[in-house]
Amino acid sequence: MLFVLVFGVIVVGHELGHFLLAKANGITVVEFSVGMGPKLLRFKKGGTEYSLRLLPIGGACMFEGEDGLDNDNGTPSEGAFPNASVWARISTVFAGPFFNFILAYILAMIVVGYAGSDRPVINGLIDGYPAQEAGMQPGDVITRMNGERIYVAREIWLNTYVGAGETMKVEFLRDGEKHTVTLVPKYDEEEERYLLGFNGYGDYVDCRNAGIFKYSYYEVRY
């Protein structure tokens, strides 16, 4: 049920983007539907039919002149999609995925505002492993790994997991000063995987202030 609810919100957000830009550009929307298959509920307003369909696996915002769809008179009008300007059509099509990003950012703000986020700070190091041998210390703030910008602690895990066994160029800040080291992962027989030698990372950030906008962006990017 939760999946249906979340997926429904994503679908509505996506199709709403198409719908709003179509209306703003004078394009006639023949039908705005949520779901696929047979119609369960429907009503018509302002020349557009709104419908809820049986299968919760998608949705549609259908325009006049698209795939043979016509208005009530059965003849193309000025509001037909093909008759709109190039930029009107581009913006209407682009609005769907753009609204998904807006929705993701809003949801990220809710999560970050409630749960906070985590700065990429090294909490500890494993004796005899590359990070310690290269001179890294607890408290160092990692800023890049193999050129990839690091904003939150979980990105450290992602980069070490994706690049397992590969030499890693790590950039970090210590007391505001930038440092760079090159780490060659060491295979751990007990763990049965390559390790850089980080023994925990992440510094909790309370985002219930202006930081919520910055860290919400980081979450969407991650």
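A salt bridge here is a side-chain nitrogen of Lys or Arg within 4 Å of a carboxyl oxygen of Asp or Glu. The model is predicted, so local features need pLDDT of at least 70 and side-chain atom pairs count only at pLDDT 80 or more, while totals for chains, interfaces and linings use all residues. Residues are numbered from 1 along each chain as its sequence is written, and side-chain values use heavy atoms, with hydrogens and water left out.

**Exercise 1. Find the salt-bridge partners of Arg154 and place them in the fold.**

Step 1: Take Glu219. Its closest N and O atoms with Arg154 are 2.5 Å apart. Glu219 lies in helix α5 (residues 211-221) and Arg154 in helix α4, so this pair ties together parts 65 residues apart in sequence. Helices are DSSP runs (H or I, at least four residues) and strands are too (E, at least two), numbered from the N terminus.

Step 2: Now try Asp118. Arg154 bridges to Asp118 with the closest N and O atoms 3.0 Å apart. Asp118 sits in strand β3 (residues 117-122), 36 residues from Arg154.

Step 3: Check exposure (buried is under 20% relative accessible area, exposed over 50%, partly exposed in between; 1.4 Å probe, protein chains only). Asp118 is buried at 16%, whereas Arg154 is partly exposed at 29%.

**Exercise 2. Say which strands the Asp203 salt bridge links, and how exposed Asp203 is.**

Step 1: The partner is Arg119, with the closest N and O atoms 3.1 Å apart.

Step 2: Asp203 belongs to strand β10 (residues 201-205) and Arg119 to strand β3, 84 residues apart.

Step 3: Asp203 is partly exposed at 32%, and Arg119 is partly exposed at 29%.

Step 4: For the wider tally, the count comes to 12 salt bridges. Shared partners join Glu31, Lys39, Arg42, Glu49 and Arg53 into one network.

**Exercise 3. Describe the largest pocket and its lining.**

Step 1: Set the rule. On a 1 Å grid over the protein atoms alone, a pocket is an open set of points with protein on both sides within 12 Å along at least five of seven lines, and lining residues have an atom within 4 Å of a point.

Step 2: Read off the volume, about 380 Å³ (the space filled by probe spheres set on the points, which are joined across faces, edges and corners).

Step 3: Of the 19 lining residues, the closest to the centre are Thr160, Arg193, Tyr194, Leu195 and Leu196. Helix α4 (154-162) and strand β9 (193-195) are the elements that give two or more residues to the lining.

Methods: 1 Å grid on protein atoms, 1.4 Å probe; cavity = no way out; pocket = protein on both sides within 12 Å on 5 of 7 lines; lining within 4 Å. Nonpolar A, V, L, I, M, F, W, Y, C, P; charged D, E, K, R; others polar.
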